[in-house]
Amino acid sequence: MSDTKEQVLSFLDKCEELKSCKFIMATTKIKDLLKCIVNCPDLYRLFETVTNGFNYLEAKSQCLLTVNDGIFTRSYVVLPQTVGQRLAFIFCLLVEFDKDNINLNDFLRQYFPEDGSYFASYQAFCNTIIKGLQDCISQVFREEMALIQEESDKSSRAGEISSALGVALSQEMDFISKSQIADEEKENGLKMLTALAKNLKVGNVENIDALLCGYSYFVLNNKCVSEGIAEIIELIEDYEKTL
């Protein structure tokens, strides 16, 4: 699962690079995108499957259209309806650009004329072809992408909680240091808080729970309960949910 997620993310990153690059670098980025497919087993198998038996010449006649309304001649691209055929068509089209069987400049002029500039034409091309490719890949690997998003959200939340915990533990150490309890007890309390911070960094839940339990008993026994201890307990509970 992890390998698949990495492959999908790598491929989608290459798509973003292609969409955001300068037009002069487009053919190089297309080559990089195709290399990414070859080097990613799951993606390679997917494209091998969808292109098997795919009639590209017939698809071109149905997807690359030119119409004349009696005054103007206009060409445009209509992508296939099904995900499999859309993936196959876009892949074959990109291969033609890579091999220079179709000149990208000429293709943009004909099918994405926009305002006449290559920049606008290239953006229109990316919004149709490359985004269409991204959407299909995301749809095929929807489960993996959902897990990616879930892990990303969890990681972001964990980072926020970790930052808040760092501040809260620092304040708690300051509270203990300035308290009126015996120096030996202060040292014990600070040791527990330091150990708690270290175990939070590595996500050792068993040690975290034991240290938190021990520290709770420590502050009650020494009658030095700070206003921040409740926040620390709540933050640790939230943090453990992200592990």
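The following exercises, with worked solutions, concern helix α5 and its packing in a predicted model.

Residues are numbered from 1 along each chain as its sequence is written. Local features need pLDDT of at least 70, side-chain atom pairs count only at pLDDT 80 or more, totals for chains, interfaces and linings use all residues, and side-chain values use heavy atoms, with hydrogens and water left out.

**Exercise 1. Determine whether the span of α5 agrees with its number of residues.**

Step 1. Helices are DSSP runs (H or I, at least four residues), as are strands (E, at least two), and both are numbered from the N terminus. Helix α5 covers residues 83-99, which is 17 residues.

Step 2. The expected span is 1.5 Å times one less than the number of residues. For α5 this gives 24 Å.

Step 3. The end C-alpha atoms of α5 are 24 Å apart, so the two values agree. After the helix comes D100, with a positive phi near 65°.

**Exercise 2. Identify the buried residues of α5 and what covers them.**

Step 1. Buried means under 20% relative accessible area, exposed over 50%, and partly exposed in between (1.4 Å probe, protein chains only). In α5, the buried residues are L87, A88, F89, I90, C92, L93, L94, E96 and F97.

Step 2. Their cover includes α2 (26-39), α3 (41-51), α4 (56-63), β1 (64-68), α6 (104-111) and α7 (118-140).

**Exercise 3. Classify the packing of α3 against α5.**

Step 1. Axes are lines fitted to C-alpha atoms, for helices over the stretch in contact, and angles run from 0 to 180 degrees between N-to-C directions. The axes of α3 and α5 come within 8 Å and cross at roughly 100°.

Step 2. Angles under 35 degrees count as roughly parallel, over 145 as roughly antiparallel, 65 to 115 as roughly perpendicular and the rest as oblique. Helix α3 is therefore roughly perpendicular to α5.

Step 3. Contact means heavy atoms within 4.5 Å. L46, F47, V50 and T51 of α3 meet G84, L87, A88, F91 and C92 of α5.

Step 4. Ala, Val, Leu, Ile, Met, Phe, Trp, Tyr, Cys and Pro count as nonpolar, Asp, Glu, Lys and Arg as charged, and the others, Gly among them, as polar. This contact of α3 with α5 has seven nonpolar, two polar and no charged residues.

**Exercise 4. Classify the packing of α5 against α7.**

Step 1. Helices α5 and α7 pack at about 130°, with axes 10 Å apart.

Step 2. Helix α5 is therefore oblique to α7.

Step 3. Contact residues include R86 and L93 of α5 and F125 and Q139 of α7. By class, the contact of α5 with α7 has 13 nonpolar, two polar and one charged residues.
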